[in-house]
Amino acid sequence: MIKIHPNIPELPLTPQAWDWLREYGVTLKVRDPHSTSGGGFWWPERKLVELFTAQEEAAIHELAHAWWHERRLQGTNAAELIVAVVKLSEETDPRYARAAELAKQYVYGIRSQRDPKSPTGWWRGMLVEGNDWEMFAGLASGSMGHLERLPEYVRRFYRGLFDEPTSA
Ligand SMILES: [Zn+2]
């Protein structure tokens with residue numbers, strides 16, 4: 001657990017991960033530290049994590065983007081993550097039910113969610129576009145950085161970023 005900003009609750013990030021991010025050049029900006037409504041951006045060219053508010057979930061999401069930015073380019077990491085998310089979409093272990101539900105949406109999309117930019121008119125998910133970066137950040141915030149909510153074959157991508165489960 002680590003405190004990265006006075007208004008953001010402690011995050012389940014390892015101190016080593018936060019050190020790495022800062023050495024890599026990442027800076028953090030919180031637009032409205034008195035709100036927790038969420039939202040934010042990762043600006044790769046500026047290495048800036050910009051949070052609209054002090055919401056924990058958004059902080060985890062955008063920091064995960066920053067963390068994955070270099071790692072996704074190493075070897076076959078990006079493709080391996082996508083394969084793991086496809087596998088997660090078929091996971092039946094009830095401990096990982098929430099993560100599996102998110103993975104299903106990433107892989108198959110959401111037919112009830114309109115998307116004017118999509119050729120089908122509905123959101124087709126992330127698999128068709130090979131969007132490993134949003135899969136990575138989405139599962140990070142979807143699990144709120146709790147590695148025990150992810151099966152080992154997905155958890156391994158977050159090792160070093162988030163604290164190891166204490167009781168599992
Ligand atoms: Zn994102």
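The following exchange concerns a predicted model and treats its open sheet and the helices around α5.

Visitor: What is the strand order of the open sheet of 3 strands?
Guide: The edge strands are β1 (27-32) and β2 (40-43), each of which pairs on one side only. Strand β3 (residues 48-53) is joined to β1 by 5 bridges and to β2 by 4 bridges. The order is therefore β1-β3-β2.

Visitor: Is the pairing in this sheet parallel, antiparallel or mixed?
Guide: Strands of a sheet pair through backbone hydrogen bonds, either parallel or antiparallel. Here β1 and β3 run parallel, whereas β2 and β3 run antiparallel. The twist averages 15 degrees from one strand to the next, and the pairing is mixed.

Visitor: Which residue of β3 stands opposite Thr27?
Guide: Thr27 belongs to β1, which covers residues 27-32. On the side of β2, Trp43 stands opposite Leu48 in β3. The residue opposite Thr27 is likewise Leu48.

Visitor: Which residues of β2 point to one face and are buried?
Guide: In a regular strand the side chains alternate between the two faces of the sheet. Along β2, Phe41 and Trp43 point to one face and are not buried. Helix α2 (residues 56-71) lies across β2 and β3, at about 165 degrees to β3. The buried residues, pointing to the other face, are Gly40 and Trp42.

Visitor: Which residue takes a positive phi in the hairpin of β2 and β3?
Guide: The hairpin has 4 residues between the strands. One of its residues has a positive phi near 50 degrees, namely Lys47.

Visitor: How many of the residues of α5 are buried?
Guide: Helix α5 packs its buried residues against α2, α3, α4 (97-108) and α6 (152-155). Among the buried residues are Met135, Phe136, Leu139 and Gly142. Just after the helix, Met144 takes a positive phi of about 50 degrees. Helix α5 is mostly covered, and the number buried is 9 of 11.

Visitor: Is α3 parallel, perpendicular or oblique to α5?
Guide: The axes of α3 (residues 77-88) and α5 (residues 132-142) come within 9 Å and cross at roughly 55 degrees. Roughly parallel requires an angle under 35 degrees, and roughly perpendicular requires 65 to 115. The crossing angle therefore makes α3 oblique to α5.

Visitor: How many nonpolar residues has the contact of α3 with α5?
Guide: The crossing of these two helices is left-handed. Ala78, Leu81, Ile82 and Val85 of α3 meet Asp132, Met135 and Phe136 of α5. By class, the contact has no polar and 1 charged residues, and the nonpolar count is 6.

Visitor: Is α4 parallel or antiparallel to α5?
Guide: The axes of α4 and α5 come within 10 Å and cross at roughly 155 degrees. An angle over 145 degrees counts as roughly antiparallel. Helix α4 is therefore, relative to α5, roughly antiparallel.

Visitor: How many polar residues has the contact of α4 with α5?
Guide: Helix α4 passes α5 in a right-handed crossing. The contact is made by Arg98, Ala99, Leu102 and Tyr106 of α4 and by Met135, Gly138, Leu139 and Gly142 of α5. By class there are 5 nonpolar and 1 charged residues, and the polar count is 2.

Visitor: Is Asn131 buried, exposed or partly exposed?
Guide: Asn131 lies in the loop between β5 (122-123) and α5, with its C-alpha 8.8 Å from that of Ala78 although the two are 53 residues apart in sequence. A buried residue has 20 or more other C-beta atoms within 10 Å, and an exposed one has 12 or fewer. Because Asn131 has 15, the residue is partly exposed.

Notes. Residues numbered from 1 in each chain as written. Predicted model: local features only at pLDDT ≥ 70, side-chain atom pairs only at ≥ 80, totals over all residues. Axes fitted to C-alpha atoms, helices over the stretch in contact; angles between N-to-C directions. Left-handed = near helix turned anticlockwise from the far one by under 90°. Contact = placed C-beta atoms within 7 Å. Nonpolar A, V, L, I, M, F, W, Y, C, P; charged D, E, K, R; others polar. Pairing = 2+ DSSP bridges.
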